[in-house]
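Trainee: May I request a close look at one part of this model, namely the region around its second largest pocket? I would be grateful for one connected account that proceeds step by step.

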Amino acid sequence: MVELRQQALAQGVSTRTVDAVFPTLSYNPRVVELDQAQPGNPNSTTVSMFAPYRIKHVDAARIGRGRSTYQAQRSRLARIENETGVPESIMVAIWGHETNYGSYTGDFDLLRSLATLAYEGRRRALFSGEFIAGLKMLDRGVTRSELKGSWAGATGNPQFLPSIYLRLARDGDGDGRADIWNSPADTLASIANYFVNAGWRPGQPWGVAVDVPASFNRSEVTNRMVSPRCPRVFERHSGWRTMAEWRALGIRPRDGRWPGDSVMATLLEADGPGKTAYLLTSNYRVILDYNCSNFYALSVGLLADAIAG
């Protein structure tokens, strides 16, 4: 803790904040237990199916609440989409997936959790940095009582880590602060700003559900590149082709809608051959930037479509 205190002061955190916070910190064994229980064996060859996840995360209740939220926030959403190009339905779908539209944002003491994870050491550099970012949030006027969230340090309606809050949280209602805990306008503006920063391309869908013919030769579209980030996620994607090229290979959209011929996309058969597959654009990669999981990103896209439809 002495080293962490020195790092915080060296990075510009006020002495007042450091002196107020450090005496209140204590080790939280539950946080370490949850961290160590995280799935993800890199040597596992098991491929999970998307369908069970979709049933749980794109269900009637979440769609219904999403549509109600969409209607209640239409004026704000329209303004933010006009300013950023990020679709209204995508903003709402992220909010729905992260905290069920604000109904549960987590009740862990963020600074205690982050200090514990920094002390434990498995990902010390990450969590030390996030802890110090949390202290900087206090210096910016965020209250200690607002700094509640997940055991891993995500907070507020959009579940931003402290470093993300400092970089990308936005004041959407003009009151002078980015209140992602209580303000729908700030929540939606902050989500949209995240997507703009990650490279969202206006006017392009995240992807389309498609049928793949039985005669399809998958070896022709194998992805031979290894992603430096989340390789297990991206290895399930094909190589990139234009929509015109996919159509020439016999791929057909399930709802008849087809993006422009020049739009680039990769193919993901999330439930294996013979089931619904997806052609995914670069905007899908933006959703993955928020949470690097194919199931998460697919569910966000499908929930957004259901909310808007």
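Mentor: Ser89 has its place in helix α7, and the model in which we examine this residue is a predicted one. Ser89 has a relative accessibility of 12%, so this serine counts as buried, the cut-off being under 20%. Between the C-alpha atoms of Ser89 and Gly199 there are 17 Å in space, while 110 residues separate the two in sequence.

Helix α7 leads us directly to the pocket. The volume of the second largest pocket is about 610 Å³. Its lining is made up of 29 residues, and those closest to its centre are Pro205, Trp206, Gly207, Arg257 and Asp305. Two or more residues of this lining are given by each of α7 (88-99), β3 and α15. The largest share, 4 residues, is that of α15. In chemical character, the lining of the second largest pocket divides into 15 nonpolar, 6 polar and 8 charged residues.

Let us take these three elements in turn, beginning with what follows α7. The loop between α7 and β1 (108-109) holds Asn100. The phi angle of Asn100 is near 50 degrees, a positive value in a residue that is not glycine. Asn100 has a relative accessible area of 26%, and therefore it is described as partly exposed: the value falls between the limits of 20% and 50%. Tyr101 is found in the loop between α7 and β1 as well. The phi angle of Tyr101 is also positive, near 65 degrees, and this residue too is other than glycine. For Tyr101 the relative accessibility is 7%, which means that this tyrosine counts as buried.

Ser103 has its place in that loop between α7 and β1 too. A polar atom of the Ser103 side chain lies 3.1 Å from the backbone oxygen of Asn100. Because its relative accessible area is 44%, a value between 20% and 50%, Ser103 is classed as partly exposed. Far along the chain from Ser103 is Arg16, 87 residues away, and the C-alpha atoms of these two residues are separated by 33 Å.

The second element to consider is β3. This strand covers residues 207-211, and the loop between β3 and α12 (231-234) contains Cys230. The relative accessible area of Cys230 is 23%, so this cysteine is partly exposed. The structure holds 1 disulfide. That bond joins Cys230 to Cys292, with 2.2 Å from S to S. The two cysteines are 62 residues apart, and the pair links distant parts of the chain: Cys292 lies in the loop between α14 (282-290) and α15 (294-308). Leu288 offers a further point of reference, since 58 residues separate it from Cys230 in sequence, whereas the distance from C-alpha to C-alpha is 9.4 Å.

From Cys292 we pass to the third element, α15. At the start of this helix, an oxygen of the Ser293 side chain reaches to within 3.3 Å of the backbone nitrogen of Phe295. What span should one expect for α15? Its 15 residues, at 1.5 Å a residue, should span 21 Å; the C-alpha atoms at its two ends are 21 Å apart, and therefore the model agrees with the expectation. Helix α15 is mostly covered, as 13 of its 15 residues are buried. This mostly covered helix is also the element that supplies the largest share of the pocket lining, 4 residues.

One further loop may be set beside the loop that follows α7. Between α2 (15-21) and α3 (29-36) there is a loop in which Tyr27 lies. Tyr27 has a relative accessible area of 42%, and so this residue is partly exposed. In sequence, Tyr27 and Ser190 are 163 residues apart; in space, their C-alpha atoms are 31 Å apart. Asn28 is likewise found in the loop between α2 and α3. Asn28, however, has a relative accessibility of 10%, and therefore it counts as buried. A polar atom of the Asn28 side chain lies 3.0 Å from the backbone nitrogen of Arg30.

To return to your request: the second largest pocket is lined by 29 residues, with α7, β3 and α15 each giving two or more of them.

Definitions and conventions. Residues numbered from 1 in each chain as written. Predicted model: local features only at pLDDT ≥ 70, side-chain atom pairs only at ≥ 80, totals over all residues. Heavy atoms only, no water. Disulfide = S-S within 2.5 Å. Buried < 20%, exposed > 50% of the residue type's maximum accessible area, 1.4 Å probe, protein only. Expected span 1.5 Å × (residues − 1). Polar contact = N/O pair within 3.5 Å; in protein donor to acceptor, adjacent residues only side chain to side chain. 1 Å grid on protein atoms, 1.4 Å probe; cavity = no way out; pocket = protein on both sides within 12 Å on 5 of 7 lines; lining within 4 Å. Points joined across faces, edges and corners; volume = space filled by probe spheres on them. Nonpolar A, V, L, I, M, F, W, Y, C, P; charged D, E, K, R; others polar.
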